Amino acid sequence: MELYLQAFITIVSLINPFVCGMIFQASEPDGPVAVRLRDATKAAVAILTILLLAALLGVRILNAFGISLDVFSVAGGGVLVWMGFTMMRGKSAPVGGSSPLTSLVLFAASPGTITGVISVAILHSRNELPVTALVAVTAASLLTWSVMALVATRKPEPASGGFVRATVQSFMGLIVMAMGLQIGLKGISHYFHLAAG
């Protein structure tokens, strides 16, 4: 039971459901509740699918390309920094022509989160199936969906447009940038620590 709790806490801290709720609110500040709930569900299913695949296949894919977890963390950190910078410039979707929820999915199922999921799968698996990682990912994704669903059913406040929305989005962009830098620097530090040892 303790292993499951540790894995859940690790993955929840990486997905960060609270920040996901704020990004969802910034992406969809208004609209019919049914549409917002549908979009929250779509985002949660996308996050769940990506992270389940990471738990099941992540190690094999990285090994097939000869990529270490540390290098993957550095690349993933760079992606998050770019995403955060794009959000700070006032663009809620960093990928041109895609859904505004793309930034939310890319944040929650970021390379940093994927790295964490793969690490949990490696550390906690005693057999071929990483049950601990799969359970933790499912529970964390369900919690994230719950937060987004709560945001989706809340009545939008009249003051939440314009300046307030831009300020929240810029702040979220700064948080995403900081997380990206932290993940990248951690990967660099660990890589050189292993190289020196």
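So, confidence comes first, since this is a predicted model. Mean pLDDT for the protein is 81, and 85% of its residues reach 70 or more; pLDDT is the predictor's confidence in each residue, on a scale from 0 to 100. Among the elements, helix H7 has the highest mean, 94, and helix H8 (residues 162-196) the lowest, 76. There's also a stretch, residues 92-97, where pLDDT stays under 50. The model does have 14 contacts for that stretch beyond four places in sequence, a contact being heavy atoms within 4.5 Å. Still, where pLDDT is low, the predicted coordinates shouldn't be read in detail.

Two housekeeping sentences. In this predicted model, local features need pLDDT of at least 70 and side-chain atom pairs count only at pLDDT 80 or more, while totals for chains, interfaces and linings use all residues. Residues are numbered from 1 along each chain as its sequence is written, and side-chain values use heavy atoms, with hydrogens and water left out.

Okay, the overall picture. The protein has eight helices and zero strands, so reading from the N terminus you just get α-α-α-α-α-α-α-α. Those elements are DSSP runs numbered from the N terminus: H or I with at least four residues for helices, E with at least two for strands. There are 197 residues in the protein, and 41% of them count as buried. Buried means under 20% relative accessible area, exposed means over 50%, and partly exposed is in between, with a 1.4 Å probe and protein chains only. The accessible surface comes to about 10,500 Å², and 72% of that belongs to carbon and sulfur atoms. Those areas come from the Shrake-Rupley method with a 1.4 Å probe; for residues, only the protein chains shown count as cover. And if you take the contacts with a separation of 6 or more, 85% of them are between residues 24 or more positions apart.

Let's walk in from the start of the chain. In the loop between helix H1 (2-15) and H2 sits Asn16. Its phi is near 55°, a positive value in a residue other than glycine. For background, most residues other than glycine have a negative phi. Asn16 counts as partly exposed because its relative accessibility is 22%.

Next up is H2 itself. How many of its eleven residues are buried? Eight, so H2 is mostly covered. The buried ones include Val19, Ile23, Ala26 and Ser27.

What does H2 pack against? One partner is H7: H2 (residues 17-27) and H7 (residues 131-153) pack at an angle of about 35°, with axes 9 Å apart. The axes are lines fitted to C-alpha atoms, for helices over the stretch in contact, and angles run from 0 to 180 degrees between N-to-C directions. H2 passes H7 in a right-handed crossing, meaning the near helix is turned clockwise from the far one by less than a right angle. On the H2 side, the contact is made by Pro17, Cys20, Gly21, Phe24 and Gln25. On the H7 side, it's Leu143, Thr144, Val147, Met148, Val151 and Ala152. By class, that's eight nonpolar, three polar and no charged residues.

Now H8, over at the other end of the numbering. Met172 is found in H8, and it's buried because its relative accessible area is 1%. Setting aside residues up to four places away in sequence, Met172 touches Val19, Met22, Ile23 and Met87. Met172 and Met87 are 85 residues apart along the chain, with C-alpha atoms separated by 7.4 Å.

Then there's Val81, in helix H4 (residues 69-88). At 23% relative accessibility, Val81 counts as partly exposed. Beyond its neighbours within four places, Val81 is in contact with Met177, Gly180 and Leu181. Val81 and Ala178 are 97 residues apart in sequence, yet 7.2 Å apart C-alpha to C-alpha.

Last stop, helix H3 (residues 33-65), where Leu62 lies. Is Leu62 buried or exposed? Buried, because its relative accessibility is 8%. Leaving out neighbours within four places, Leu62 is in contact with Ile67, Leu69, Phe72 and Ile118. The C-alpha atoms of Leu62 and Ile118 are separated by 9.9 Å.

Ile50 has its place in H3 too, and at 33% relative accessibility it counts as partly exposed. Which residues does Ile50 touch, not counting those up to four places away? Val105, Ala109 and Ile114. Ile50 and Val105 are 55 residues apart along the chain, with 9.2 Å between their C-alpha atoms.

Definitions and conventions:
Nonpolar A, V, L, I, M, F, W, Y, C, P; charged D, E, K, R; others polar.
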